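Hello,

Here is the structure I said I would pass on. My notes on what turned up in it follow below.

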Amino acid sequence: MTQTIVRNGTVVSLDPDVGDLDEADVLIEDGEIVEVGTGLSASNAEEIDASGHVVIPGLVDSHIHLAQTQVRGIAGDWSLMGEYFDHMLGNITGLYRPEDMYLGGLFGAFEKLHTGTTTALDWSYPNTLEHGERAVDALQDAGLRAVYTYGPPGDDAAKWWYESDVGLPEEKIRELHEEKIRDDDLLSLALGLRGPDFCTDETARGDLELARDLGVLSTIHMGAALWPSSVYGDDYQGFGCLEDLLGPDVNVAHGNHFSQEDVDHAVEQGVSFSSTPEVEMQMGHGIPVTGKVLEAGGRPAWGVDVCSNVSGDMGSQMRIGMQLQRMFDNQAVLEGDEEVTEVSISARDTLEMATIEGAKALDMADEIGTITPGKRADLVLIDASDFMTAPSHSPVQTVVFQSDPSHVDTVLVDGEVVKRDGELTNPKLHEEFDRFVASGERLLDEAGIDL
């Protein structure tokens, strides 16, 4: 039995039964949290000094495309319906070789771990089975807890997007699941569905039914932009042909153009929503779905989405998403000729959306998302003694408002230390760096992207 004890930290458990504890310890055995309290003892345990640190559950990114990491910094001035579809889905993704998938995913996963995210849903566009295999290899080599999402190949936008009548490649998906994912405790499979926004009704239903047959999550890009009237007529039709198939195993990425009635129905059926506020604000997706989900009695999960565009830091998303919704809520009060006397979403709310709500969206709430005995030990230690974070009068507000990636001191995934004293421990970070940079340079050169 391997034991570790995180000692003397300010524990923000996000579990109402455990609460927040000062100068507290977290005892870990074989990757499982077994006790949270003060003055714990454990003989022969490795000790991690958390004095002056806030200990939180690892952050959960519920929607990101990790393979775009080596082309980061190209999409900051792109719109969704303009350059992104033309340049990324219609050009760059078709040029990816299996090793490009590996390198992008590896360094995207490193960025996740470095910035305090211990779990991510990696929405992938594997051109071949080998592309998918190497994308999974990257997640395994990095040590990230992940949901590998097998989406449509990225080699032919006309075939796989718009009004596609081609279903996801079932044989390849089953082989990848059996050979690479099923027996890995840190990995699970999801299917990346296009939904009726991007394919025919028959194809959309067939893809979701395949996910159900496999017993895996369906995550769907929906409601992220207004498509031409030839597709929907004058009004966006919401879930359309999938309305009778909704359930807790369905996750919607974006959902900006759903009506309140659509969201009410989805939340009632247990559907989760992943909001990626920074990218959605820029690229023209529309107003984030956050407010509608809250109105429906649910809570969204946060995600980064397009890391060719924005930082992979989840702290940015939970701040931006919260403050944007506060702005809309405040404006509604002001337009009613009243003064704003309280804010809507709290700092704790947005931290929970970045942790336990993400875990729920990925069907992992029994494993991660809170610091709870019986769950896996995915933990992050935030330095609260730095001149930028001290004094920490409110540990939650310190984490949400004052800290940045430089304050992520120590990260554990499944009880294993993957970042210590501000540095990632994985040697591949340095061993593969030159290949990673070269991959990005080649992709942009072959794609003819001139910045």
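**Notes on the strands, cysteines and pockets**

S274 in β12 stands opposite A301 in β13. Please keep in mind that this is a predicted model.

Strands around β12

Strand β12 covers residues 272-275. Its residues alternate in direction: S272 and S274 point one way, F273 and S275 point the other way, and all of them are buried. β12 pairs with strand β13 (residues 301-302) through two bridges, and these strands run parallel. Strand β11 (residues 250-254) also runs parallel to β12, joined to it by three bridges. One of the pairings here puts A253 against S274, so S274 has a bridge partner in β11 and stands opposite a residue of β13 as well. Helix α9 (residues 260-268) belongs with β11 and β12 in a right-handed β-α-β unit.Cysteines

How many disulfides does a search of the whole structure find? The search finds zero. For C199, the nearest cysteine sulfur belongs to C241 and is 7.3 Å away, and C199 is in no disulfide. C199 counts as buried because its relative accessibility is 4%, where the cut-off is under 20%. C307 counts as buried too, at 3% relative accessibility.

Largest pocket

The largest pocket holds about 370 Å³ of space. It is lined by 21 residues, and those closest to its centre are S188, L189, G215, L362 and D363. Four elements give two or more residues to this lining: β8 (145-150), α5 (170-181), β9 (187-193) and α7 (201-214). Of these, β9 has the largest share, with three residues. By class, the lining of the largest pocket has 11 nonpolar, seven charged and three polar residues.

Second largest pocket

About 230 Å³ of space lies in the second largest pocket. Its lining has 16 residues, with T2, G31, D414, G415 and E416 closest to the centre. At least two lining residues come from each of β1 (3-12) and β16 (416-420), and β16 gives the most, three residues. The lining of the second largest pocket divides into six polar, five nonpolar and five charged residues.

Regards

Terms used. Residues numbered from 1 in each chain as written. Predicted model: local features only at pLDDT ≥ 70, side-chain atom pairs only at ≥ 80, totals over all residues. Heavy atoms only, no water. Disulfide = S-S within 2.5 Å. Buried < 20%, exposed > 50% of the residue type's maximum accessible area, 1.4 Å probe, protein only. 1 Å grid on protein atoms, 1.4 Å probe; cavity = no way out; pocket = protein on both sides within 12 Å on 5 of 7 lines; lining within 4 Å. Points joined across faces, edges and corners; volume = space filled by probe spheres on them. Nonpolar A, V, L, I, M, F, W, Y, C, P; charged D, E, K, R; others polar. Pairing = 2+ DSSP bridges. Right-handed = clockwise from strand over helix to strand, strands pointing away.
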